[in-house]
Amino acid sequence: MNYPVIEYDVILPENFRREEKLPLIAYLCDVPDGKVPAVFELGCREAGVRAIVVAAKCPKGLHWENMLYEIGDMLAKAASDYNADPDRISLTGMGDGAYGVWYFACLNNNIISAAAPVCGGGMSWYAGSIGKTPVWAFHGSADDIIDRINSMEMVDKVNLSGGTAKISIFPGLGHDIMNEAYTAELVKWLTSKVRGVYEDEEDA
């Protein structure tokens, strides 16, 4: 069987050096021709963070939640191409991309260090399988495309299963909360997480 290859764009920090082993943030675009949103470059600069940011493009006619194997391959290839720190690979996305983030985190929580789904949802009955991989979800309260209850149910299920998830709801905002969600604070949060090192352990 021939699996589709996920192409991606990348933004590297100024004077990038492979030996730095920087954290990698992978953004699942919700359109086939998506590019790295400008908010990531701004967020890295404002946070004072050096990170590799890739924007993965979903092949036309497909959906991220059906491409979990390919997402894993894409993360491995991007990490290898730029010698990223394998323990600091985080995954985020908006809309259809957020569904991909939730599904991937449920089934592959041993690969990523953190997840940040924006205006998405997933298999709430299976959310406990995310384990202790930290999740920060975002949603607009007035989203009429994907109801906020989808994010809220996922976060609740993760926490009820002993995981670590939180959610930010933006009052009065709809589906397009790109600028509100992707801030320097989120970039700093994503790049600070280390695979296998959880908040309760860090606080001990």
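The legends below describe an overview and several close-up views of a predicted model.

**Figure 1. Overall fold of the predicted protein model.** The protein contains 7 helices and 7 strands. Read from the start of the sequence to its end, these elements follow the pattern β-β-α-β-α-β-α-β-β-α-β-α-α-α. The radius of gyration is 16 Å, close to the 17 Å that the globule rule gives for 204 residues, so the protein is as compact as a globular protein of that length. Along the principal axes, the C-alpha atoms fill a box of roughly 45 × 40 × 35 Å. Of the contacts with a separation of 6 or more, 73% are accounted for by residues 24 or more positions apart.

**Figure 2. Burial, surface and charge of the protein.** Of the 204 residues, 50% count as buried. The protein exposes about 9600 Å², and carbon and sulfur atoms supply 50% of this area. The protein carries 17 positive and 29 negative charges, and the mean positions of these two sets are 5 Å apart.

**Figure 3. Close-up of N15 and N83, two loop residues with a positive phi.** Most residues other than glycine have a negative phi. N15, although not a glycine, has a positive phi of about 60 degrees. This residue belongs to the loop between β1 (7–11) and β2 (24–28). N15 is exposed, its relative accessible area being 60%. For N83, likewise not a glycine, phi is positive at about 55 degrees. N83 is located in the loop that joins α2 (68–81) to β4 (89–94). With a relative accessible area of 22%, N83 is partly exposed, because the range for that class begins where the limit for burial, under 20%, ends.

**Figure 4. Close-up of T133, a buried residue in a loop.** T133 is part of the loop between β5 (114–118) and β6 (135–140). Its relative accessibility is 3%, and T133 therefore counts as buried. The side chain of T133 reaches the backbone oxygen of N109 at a distance of 3.2 Å. Not counting residues up to four places away in sequence, T133 touches N109, I112, S113, A114, T164 and Y198. N109 thus appears both in this set of contacts and as the residue whose backbone oxygen the T133 side chain reaches.

**Figure 5. Close-up of S124 in the loop between β5 and β6.** At 17% relative accessibility, S124 counts as buried, because the class covers values under 20%. Beyond residues up to four places away in sequence, S124 touches E153, M154 and K157. S124 and K157 are 33 residues apart along the chain, and their C-alpha atoms are separated by 6.3 Å.

**Figure 6. Close-up of C44 in helix α1.** Helix α1 comprises residues 38–47 and includes C44. The relative accessible area of C44 is 9%, and the residue is buried. When residues up to four places away in sequence are not counted, C44 touches V49, A51, V53 and V187. C44 and T183 lie 139 residues apart in sequence, with a C-alpha to C-alpha distance of 8.5 Å.

**Figure 7. Close-up of T92 in strand β4.** T92 has 0% relative accessibility and counts as buried. A polar atom of its side chain lies 2.5 Å from the backbone oxygen of A116. Apart from residues up to four places away in sequence, T92 touches I25, A26, Y27, L28, F40, V101, A116, V118 and Y182. A116 is therefore in contact with T92 by the criterion of heavy atoms within 4.5 Å. The C-alpha atoms of T92 and A137 are 9.3 Å apart in space, while the two residues are 45 residues apart in sequence.

**Figure 8. Close-up of G140 in strand β6.** G140 counts as buried at 0% relative accessibility. With neighbours within four places in sequence left aside, G140 is in contact with C119, R148, F170, L173, G174 and I177. One of these residues, C119, is 21 residues from G140 along the chain, and the C-alpha atoms of the pair are separated by 7.1 Å.

Notes. Residues numbered from 1 in each chain as written. Predicted model: local features only at pLDDT ≥ 70, side-chain atom pairs only at ≥ 80, totals over all residues. Heavy atoms only, no water. Helix = DSSP H or I, 4+ residues; strand = E, 2+ residues; numbered from the N terminus. Rg over C-alpha atoms; globule rule 2.2 N^0.38 Å. Buried < 20%, exposed > 50% of the residue type's maximum accessible area, 1.4 Å probe, protein only. Areas by Shrake-Rupley, 256 points an atom, 1.4 Å probe, with all protein chains shown as cover. Lys, Arg positive; Asp, Glu negative; His and termini not counted. Charge placed at Lys NZ, Arg CZ, Asp CG, Glu CD. Polar contact = N/O pair within 3.5 Å; in protein donor to acceptor, adjacent residues only side chain to side chain.
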